[in-house]
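The following paragraphs lead through a two-chain structure, beginning with confidence and ending with details of the backbone. Please keep the sequence and the coordinates in view while reading.

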Amino acid sequence: MAIDLERPWRVGRQVALRPEPFGALAYHFGTRRLSFIKTRKLLAVVHALDEQPSGRDACRVAGVSGAEMPAYERALETLAHSGMIEEDGR
Amino acid sequence: MSAVAARAPRLVDHFEAGLDAPICLTWELTYACNLACVHCLSSSGRRDPRELSTAECLALIDEFQRMQIFYVNIGGGEPTVRRDFWEIVDYATAHDVGVKFSTNGSRITPEIAARLAGSDYVDVQISLDGATAAVNDRVRGVGSFATAVRAMERLTAAGFRGFKVSVVVTRENIGQLDAFKAIADRYGAQLRLTRLRPSGRGADVWDELHPTPRQQRLLYDWLLERGEEVLTGDSFFHLAAYGDPLPGLNLCGAGRVVCLIDPVGDVYACPFAIHDAFLAGNVRSRGGFATVWRGSELFQALRRPQSSGICLSCSQYDACRGGCMAAKFFTGLPLDGPDPECALGHGASLLDLLGDREVPRPAADHSRRKPSRPQRACDESPLAGLEVHASRKAS
């Protein structure tokens, strides 16, 4: 299922992020799964989700270019699939 | 573990250079154990009088929280025999430190099972080394299979889904992989297979119990087919030399992203390396665990590029990266040489070549003393050796 980046998103309620030189480690306390956020820019996107009205806006403020969008969309989709980010019912 | 990337840089370089805090930390709470498994990594049995107090354990958890260590793998010994075990677990989960603990199942009562099922933050790993009592009990002791099964039944009955069934793969149980999977499936659990290491008491049985090369190849194929369905704790990364890597980080994380804190607070590079050569420090020292993790000379050295020694010319070195440091060390192989179970057979050849050799012994042995054989009373007697033939005089 493709991710709807026009919707608002946020970091999962049971998820903790630990910043690392490469990006961050993300841990989901509910599923006990660990994921790697492999770039700092992706981490910036994830951090921006909470304040931005949509996933696409979060990408824009984090500096994701048009050419990079497909890759970031896929990365966010993977994060959504594992529950690391979730749709925000704002 | 799932990988998330826009463009993939070499994550493995970051890991090999070490992180500010471990990803995977094993914390053994006690050397006390009600079993005496022949392959015990930590040679457990008797409690050590110097074990960390409750207050010290809770302070260590505070430190884990500050370092953002998301979860710890608690083991032992049998950790549940500590009277403060649940206090420690509850304190950890209340401080954002998830817990997975390994147990032989002997203390999993229906009440405990219900309590565990009610917590998202606690995971349980039941140790099982045979899919039948006959195979399991030869390694773990008489009655231990029944104990583990009873614990699994109770966890399932309480509604705990997805606990782990953890198996050390041996020459004797490797034919039971499908049966282990069936057991895990029956209890709604997840199967975890790990490697037999020549560490602790494992050193004494490794020669006879480690899988043969043919078995090892079958194991690799079996694991590859099942993908992320079966967990391995990155245990078999040395088998990547057969071809495709198995799921996981595929590197030796010792002192880089992994470490062990033992019951007396000693910090070792990994759970399989309880030896002075891999001792980085103690959590009781000034600066605590964080200082040991970030500053110890040993860990700094492990985080620098390692020499690949005689493996340098091997076409598969990038795949297996020389294998497991502890397995090499405790079989007497050079650390910059092949793993004793090198997929290409280089380790086995080298072991043959070296023949009889001195192998390092673990730093500590907490095994319970062997049941004492009936001793002849005269061995202890001050009169032992004195020939007295008084009784004969009457005859």
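Over residues 372-380 of chain B the pLDDT stays under 50, and for this stretch the model, which is a predicted one, has 2 contacts beyond four places in sequence. Residues 390-395 of chain B likewise have a pLDDT below 50, and here the model shows 0 contacts beyond near neighbours in sequence. These stretches should be read against chain B as a whole, which averages a pLDDT of 91, with 91% of the residues scoring at least 70. For the complete model, the scores are ipTM 0.85 and pTM 0.89.

Turning to the interface, 25 residues of chain A are in contact with 20 residues of chain B. On the side of chain A that touches chain B, at least two residues each come from the strands β2 (15-20), β3 (23-28) and β4 (33-37) and from the helices α1 (40-49) and α3 (69-81) of chain A. Of these elements, α3(A) supplies the largest share, 5 residues. Sorted by class, this side of chain A consists of 14 nonpolar, 5 polar and 6 charged residues.

Which residues touch the most other members of the largest nonpolar core? That core has 123 residues, and the ones that touch the most other members are B:V72, B:Y268, B:C270 and B:A273. In soluble globular proteins, nonpolar side chains tend to be buried together. The surroundings of B:Y268 can be followed residue by residue: apart from neighbours within four places in sequence, B:Y268 is in contact with B:C259, B:L260 and B:D262, and also with B:A273, B:I274, B:F278, B:L279 and B:A280.

A packed pair of helices in chain B comes next. Two packed helices are described by the angle between their axes and the distance between the axes. Helix α5 (residues 133-140) and helix α6 (residues 144-157) of chain B pack at an angle of about 110°, and their axes are 8 Å apart. Because angles of 65 to 115 degrees count as roughly perpendicular, α5(B) and α6(B) are roughly perpendicular to each other. From α5(B) the contact draws on B:A133, B:N136, B:D137 and B:R140, while α6(B) contributes B:S144, B:F145 and B:A146. By class, the residues of this contact are 3 nonpolar, 2 polar and 2 charged.

The backbone of chain B also deserves a careful look. Most residues other than glycine have a negative phi, and most peptide bonds are trans. The peptide bond from B:G76 to B:G77, however, is cis, with omega near 15°, and B:G77 lies in the loop between β3 (71-75) and α3 (85-94) of chain B. In the loop between α2 (54-66) and β3 of chain B sits B:Q68, a residue other than glycine whose phi is positive, near 55°. B:Q68 counts as partly exposed because 17 C-beta neighbours lie inside 10 Å.

B:R321, which is not a glycine either, has a positive phi of about 50° and is found in the loop between α12 (317-320) and α13 (325-330) of chain B. Is B:R321 buried or exposed? With 21 C-beta neighbours inside 10 Å, B:R321 counts as buried, since the cut-off is 20 or more. B:G345, placed in the loop between α13 and α14 (346-354) of chain B, is exposed, with 11 other C-beta atoms within 10 Å. Measuring from C-alpha to C-alpha, B:G345 and B:T331 are 15 Å apart in space and 14 residues apart in sequence.

Technical notes: Residues numbered from 1 in each chain as written. Chains lettered and ligands numbered in written order. Predicted model: local features only at pLDDT ≥ 70, side-chain atom pairs only at ≥ 80, totals over all residues. Contact = placed C-beta atoms within 7 Å. Helix = DSSP H or I, 4+ residues; strand = E, 2+ residues; numbered from the N terminus. Nonpolar A, V, L, I, M, F, W, Y, C, P; charged D, E, K, R; others polar. Core = buried A, V, L, I, M, F, W, Y, C linked by C-beta atoms within 7 Å. Buried ≥ 20, exposed ≤ 12 C-beta atoms within 10 Å, placed from the backbone. pLDDT = per-residue confidence, 0-100. Axes fitted to C-alpha atoms, helices over the stretch in contact; angles between N-to-C directions. Parallel < 35°, antiparallel > 145°, perpendicular 65-115°, else oblique.
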